[in-house]
Structures are given as C-alpha cells and as structure tokens.
Amino acid sequence: MARNATARKSEVGSSKSEVRSAKSEAGKKQSPLELDRLIHERLRLGIVSAVAVNERLTFNDLKWLLQTTDGNLSVHARKLEDAEYITCEKSFDGRVPRTEYRISAAGRRALEKYLVHMEAIIRAVRD
C-alpha cells in the first residue's frame, strides 16, 4: 500500500514538473525539430484530438473511445487540464456524477501547431 502511495506522489510530482516545463518552454523559441511533448504522448494526443472534433465528451465517452482505464485517463486528462489545453466541468445527472471535457483555445492552437509540425516531418521524409 505504501509503495502505491509513493508511486502516485512521484507521478503527480512528475506531472506538475512536465506541465511547468511545457508552460515555460511555450514562451521560449523552440527548435523546429522539437515536438510538443505534452500532446505527443499517445493517450494525451487521443484526448485532445477527440475533444477537438466533438463539442464536448464525457469521461466515459473518452474512456470508451480510447480503450483505457479510469486511472490512466484521469492522470493524462489532468496533465492537459493543468496545461490549460482542455477544460473539465463536473456536474451531476440526478445523483450520478458527470465529468465533461472540452478543448480550450490554447489546446486548439497547440493541436494545430502539432499537426502542422507532423505534416512537415512527413513531407520532409517523403521528399
């Protein structure tokens, strides 16, 4: 039990430093070869992409679409929330909790920049 608590604390600390790093690097001039590491991770890219093409998605919708666990989705969604790429709205549907996610303007810009970068890499490899 103590090991799991230590692992979670380590994961949370890592998450916060990753977000701080992403925010501080956002203001710096990045090399054209550097990808947005926050979005580049597979599950986070899936979350951002899914909410970009839908007005809003519930936690369960995302979990089903991405075929992931509650814990995994929660951790990665939180990283995107902390970076202000997505917003999270919690409410109740009767007595049932409901969590909905939307992409923010900053998230849409970050995704667009990421896609342009990936397209440039693909063109460079094909040429």
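These legends accompany an overview and several close-ups of salt bridges in a predicted model.

**Figure 1. The whole protein chain, with its 6 helices and 3 strands.** Let's start with the full picture before zooming in. Following the sequence from its start, you meet the elements in the order α-α-α-β-α-α-β-β-α. The chain has 127 residues, and 31% of them count as buried. Its accessible surface is about 9000 Å², with carbon and sulfur atoms making up 53% of that area. If you consider contacts between residues at least 6 apart in sequence, 58% of them join residues at least 24 apart. The whole structure holds 5 salt bridges, and the next views take you to some of them.

**Figure 2. Glu100 and Arg56 form a salt bridge.** The closest N and O atoms of this pair are 3.3 Å apart. Which parts of the chain does the pair tie together? Glu100 belongs to strand S3 (residues 96-103), while Arg56 sits in the loop between helix H3 (42-53) and strand S1 (57-58), so the bridge links parts that lie 44 residues apart in sequence. Is Glu100 buried or exposed? Glu100 is buried, at 11% relative accessible area. Its partner Arg56 is partly exposed, with a value of 34%.

**Figure 3. A network of salt bridges links Glu55, Arg56, Arg98 and Glu100.** Here the view widens from the pair in the previous figure. Arg56 and Glu100, the two partners shown there, take part in this network along with Glu55 and Arg98. As a friendly reminder of the chemistry, side chains of opposite charge can pair when their charged atoms come close.

**Figure 4. Lys63 meets Asp70 in a salt bridge.** How far apart are the N and O atoms of these side chains? The distance from N to O is 2.7 Å. Lys63 is partly exposed, with a relative accessible area of 27%. Asp70 also counts as partly exposed, at 41% relative accessibility.

**Figure 5. Arg78 and Glu81 pair within helix H5.** Their side chains form a salt bridge with an N to O distance of 3.9 Å. Where do the two residues sit relative to one another? Both lie in helix H5 (residues 70-82), and because they are 3 residues apart there, about one helical turn separates them. Glu81 is partly exposed, with a relative accessible area of 22%. Arg78 is likewise partly exposed, and its relative accessible area is 47%.

Methods. Residues numbered from 1 in each chain as written. Predicted model: local features only at pLDDT ≥ 70, side-chain atom pairs only at ≥ 80, totals over all residues. Heavy atoms only, no water. Helix = DSSP H or I, 4+ residues; strand = E, 2+ residues; numbered from the N terminus. Buried < 20%, exposed > 50% of the residue type's maximum accessible area, 1.4 Å probe, protein only. Contact = heavy atoms within 4.5 Å. Areas by Shrake-Rupley, 256 points an atom, 1.4 Å probe, with all protein chains shown as cover. Salt bridge = Lys/Arg side-chain N within 4 Å of Asp/Glu carboxyl O.
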